[in-house]
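Visitor: I'd like a close look at one single part of this protein, please. Could you pick a spot and walk me through its surroundings?

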Amino acid sequence: MLLQVAIEDKKELVYQESCPPVYLPVSEIKVIGAGLGHSGSTSFECALAELGFHPAAPRAMLCRESAGQAIWYDWAKGGSFQPCLQQLLQLGFDATTPDQPTGFAGRELMALFPEAKVVQVVCTQQESRASSTRLSSGIT
């Protein structure tokens, strides 16, 4: 119950902050979030932060380097993953969430960081539908 309350409190903080804190560069990804975006990924992001990790959630990445979107698009079109990895590490992210763009990079991250913990984030179909409805109506 206390962790759930902490996560809910942190979730409010996530939406109220304009940008998360700036982190020092890191050399490895320690936790890889797997699953579908909008499947409890914000709660997962908050839990990671509560545990002392620096999660690479889309909002955090875009706050830091909006020009960095191009490297993810390039990778999605068949380009090198290396610039994406360098961006994550340079921005100090040591964990990822299942949200995009990092959600698509699970295999690459697992191959590069075999010691990283992989967490499968799941939700019920009803929860996923409710999240998608809120997203499409502009309510987060």
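Guide: Let's take one residue, Asp-94, and then work outwards to the rest of the chain. Keep in mind that this is a predicted model. Asp-94 sits in the loop that runs between helix 5 (82-90) and strand 3 (95-96). Is Asp-94 buried or exposed, and which side chain of opposite charge is nearest? Asp-94 is buried, and the nearest one belongs to Lys-30, 4.5 Å away. Here's the catch: a salt bridge needs the charged side-chain atoms within 4 Å, and Asp-94 has no salt bridge.

So who keeps Asp-94 company? Leaving out residues up to four places away in sequence, Asp-94 touches Val-26, Glu-28, Ile-29, Lys-30, Val-31, Phe-53 and His-54.

Now hop to Leu-24, which lies in the loop between helix 1 (2-16) and strand 1 (31-35). Leu-24 counts as exposed because its relative accessibility is 71%, and the cut-off for exposed is over 50%. Leu-24 and Gly-92 are 68 residues apart along the chain, yet their C-alpha atoms are separated by 5.0 Å. That sort of long-distance link shows up in the chain's contacts, too. Take the contacts with a separation of 6 or more: 83% of them join residues 24 or more positions apart.

Back to helix 5, on one side of our loop. Helix 5 packs with helix 4 (residues 69-76) at an angle of about 145°, and their axes are 8 Å apart. On the helix 4 side, Ile-71, Trp-72 and Trp-75 make the contact, while helix 5 brings in Pro-83, Cys-84, Gln-87 and Leu-88. The crossing of these two helices is left-handed.

Next comes helix 2 (residues 41-50), which is mostly covered, with 7 of its 10 residues buried. The buried ones are Ser-41, Thr-42, Phe-44, Glu-45, Cys-46, Ala-47 and Leu-48. Just after helix 2, Gly-52 takes a positive phi of about 100°.

Finally, let's zoom out. The protein chain has 7 helices and 4 strands, and reading from the N terminus, the order is α-β-α-β-α-α-α-β-α-β-α. Of its 140 residues, 34% are buried, and Asp-94 is one of the buried residues. As for the outside, the accessible surface comes to about 8,400 Å², with 58% of that belonging to carbon and sulfur atoms.

Definitions and conventions: Residues numbered from 1 in each chain as written. Predicted model: local features only at pLDDT ≥ 70, side-chain atom pairs only at ≥ 80, totals over all residues. Heavy atoms only, no water. Buried < 20%, exposed > 50% of the residue type's maximum accessible area, 1.4 Å probe, protein only. Lys, Arg positive; Asp, Glu negative; His and termini not counted. Contact = heavy atoms within 4.5 Å. Areas by Shrake-Rupley, 256 points an atom, 1.4 Å probe, with all protein chains shown as cover. Axes fitted to C-alpha atoms, helices over the stretch in contact; angles between N-to-C directions. Left-handed = near helix turned anticlockwise from the far one by under 90°.
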